[in-house]
Amino acid sequence: MTAGRLPFAFSPRRSAVETAWYTFFVAIRPGGAVSTRIEIEQLHELLAGGAQLVEVLPAEEYEELHLPGAVNIPLKQLDAETTARLDRKNPVVVYCWDYL
Amino acid sequence: MSPRAACRLHTLGFDRVYDYVPGKVDWLARGLPVEGSKAGEPRVFDRMRTDVATCALDTPISEVRERLEASGQGFALVVTSDGIILGRVPRSELGDDDAATAEAVMSPGPSTVRPDTEIAELRRKLDGRGLKTAVVSTPEGRLMGIVHRMDLEAAID
């Protein structure tokens with residue numbers, strides 16, 4: 001390790017244990033389907049393929065800052081009516097601020 | 001929040017739902033473009049330095065001192081092998097016992113800021129606490145870099 005450089009490459013990825021924990025306890029739905037957790041690389045691929053980006057934070061936070069092309073449907077307003085504008089034939093990617 | 005939103009979309013009949021859990025913080029940390037009323041405001045990531053002196057818990061003080069001298073920084077950060085910040089070792093706390101370890105002299109749990117923090121906001125915080133430097137980390141506590149108050153001045157002025 002030398003001074004002047006971080007001793008590791010910055011990566012927002014979780015460790016294998018964290019990912020397994022997340023998948024088992026957070027992402028598995030009662031019905032058995034799994035919401036696929038993605039990282040930046042998969043996000044770019046999906047967007048290039050026409051995926052729809054949805055920010056689920058409150059409108060004020062969306063107005064201040066959002067990813068290019070994202071639409072805003074706050075979590076508290078997610079229902080059949082507000083999601084009617086989404087194309088069911090294309091993938092949907094949701095995001096908020098971070099892991100929390 | 002986004003996992004719940006993804007789940008809700010599944011219940012609404014959407015079959016191909018993906019959750020970009022790292023979210024806006026991750027996007028901003030990579031310097032990617034954003035839209036919105038505050039899109040043009042400078043953020044910590046824009047002024048962050050990565051020339052940080054780091055060490056492990058068991059690094060001898062003699063080695064920490066060498067790294068500090070090489071970096072020119074006033075403190076070293078104690079991190080795990082994958083970069084989680086454990087403590088801070090100011091140059092003034094190194095002492096004379098070169099055989100001691102960083103763990104023995106570190107201040108645990110240093111405060112950190114997120115890379116997406118607006119520079120003006122961070123400057124107010126640093127001024128309020130009389131600090132000259134902020135440590136930048138991911139939401140998980142992984143070290144990304146540091147930012148100096150003087151660098152914030154340059155960004156705002």
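The following paragraphs go through chain A as a whole and then through one strand of chain B and its partners, in a model that is predicted.

Chain A contains 3 helices and 4 strands, and these elements, read from the N terminus on, follow the order α-β-α-β-α-β-β. Of the 100 residues in this chain, 42% are buried, and the accessible surface of chain A amounts to about 5,500 Å², with 57% of that area belonging to carbon and sulfur atoms. Among the contacts in chain A that have a separation of 6 or more, 45% are made by residues 24 or more positions apart.

In chain B, attention may turn to strand β7, which spans residues 133–137 and is mostly covered, 4 of its 5 residues being buried. One partner of β7(B) is strand β6 of chain B, residues 112–113, with which β7(B) pairs in the parallel sense over 2 bridges; within this pairing, B:Val135 of β7(B) stands opposite B:Thr112. Between these two strands the chain passes through helix α6 of chain B, residues 119–129, and the resulting β-α-β crossover from β6(B) to β7(B) is right-handed.

Strand β8 of chain B, residues 143–148, also pairs with β7(B), here in the antiparallel sense and over 5 bridges. B:Val135 appears again in this pairing, where the residue standing opposite, in β8(B), is B:Ile146. The hairpin formed by β7(B) and β8(B) has 5 residues between the strands, and in this hairpin B:Gly141 adopts a positive phi near 90 degrees. B:Val135 thus stands opposite B:Thr112 as well as opposite B:Ile146 in β8(B).

Key
Residues are numbered from 1 along each chain as its sequence is written. Chains are lettered from A and ligands numbered from 1 in the order in which they are written. This is a predicted model: local features need pLDDT of at least 70, side-chain atom pairs count only at pLDDT 80 or more; totals for chains, interfaces and linings use all residues. Side-chain values use heavy atoms; hydrogens and water are left out. Buried means under 20% relative accessible area, exposed over 50%, partly exposed in between (1.4 Å probe, protein chains only). Two strands pair if DSSP finds at least two bridges between them. A crossover is right-handed if, with the strands pointing away from the viewer, the path from the first strand over the helix to the second runs clockwise. Contact means heavy atoms within 4.5 Å. Accessible areas come from the Shrake-Rupley method with a 1.4 Å probe; for residues, only the protein chains shown count as cover.
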